[in-house]
Amino acid sequence: MTENENEKISVGLIRAVIEKEIRTMDDYTYWRCRAVTVLWDELYLIKVNGIKRAAVLDNNYAILAGVAVVLSKENESIVAKMMWLSSKEAAKPYSSMVVYLTKGSDI
């Protein structure tokens, strides 16, 4: 799973989308979402050093689609998020990433 750093999703936005969809159903015109739980606190991160830049970043310095899926499959885990740690524009061929996993036992 990749995330564009410019597209931040807020709890308010999630609530608004849920309420809009539920209110389209019969007898739910005034339905209100009372809570939204964001699970980022339940992710487990690891730092991975020596990642080949060309293997994970495209020409626009975005993480390539499918990298998280491949890492998940190869390591029998679920990668929820990945972040490149050094400046993406730097010409270094290798650098470090933070990989967020869904289970602590996968670390």
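Buried here means under 20% relative accessible area. Keep that cut-off in mind while moving through this predicted model.

**Stop 1: strand E3.** Select residues 94–101, which form strand E3. Of its 8 residues, 7 are buried, so the strand is largely enclosed by the rest of the structure.

**Stop 2: the partners of E3.** Add residues 44–52, strand E1. E1 pairs with E3 in the antiparallel sense, over 7 bridges. To find a place where the two strands face each other, select Val48, which stands opposite Met97 in E3. Now add strand E2, residues 79–84. E2 and E3 are also antiparallel, with 5 bridges between them. Here the pair to select is Lys81 and Tyr100, the latter in E3, which stand opposite each other.

**Stop 3: Ser77.** Go to the loop between helix H3 (67–75) and E2, and select Ser77. Its relative accessibility is 12%, which is under the 20% cut-off, so Ser77 counts as buried. Which residues is Ser77 in contact with, leaving aside its neighbours within four places in sequence? Show Leu71, Ser72, Leu101 and Asp106. Of these, Leu101 belongs to the range of E3 selected at the start.

**Stop 4: Cys33.** Move to the loop that runs between helix H1 (11–23) and strand E1, and select Cys33. This residue counts as buried because its relative accessibility is 7%. Leaving aside neighbours within four places in sequence, Cys33 is in contact with Arg15 and Glu19. Finally, select Lys20: Cys33 lies 13 residues from Lys20 in sequence, and their C-alpha atoms are 9.9 Å apart in space.

Note on methods
Residues are numbered from 1 along each chain as its sequence is written. This is a predicted model: local features need pLDDT of at least 70, side-chain atom pairs count only at pLDDT 80 or more; totals for chains, interfaces and linings use all residues. Side-chain values use heavy atoms; hydrogens and water are left out. Helices (H or I, at least four residues) and strands (E, at least two) are DSSP runs, numbered from the N terminus. Buried means under 20% relative accessible area, exposed over 50%, partly exposed in between (1.4 Å probe, protein chains only). Contact means heavy atoms within 4.5 Å. Two strands pair if DSSP finds at least two bridges between them.
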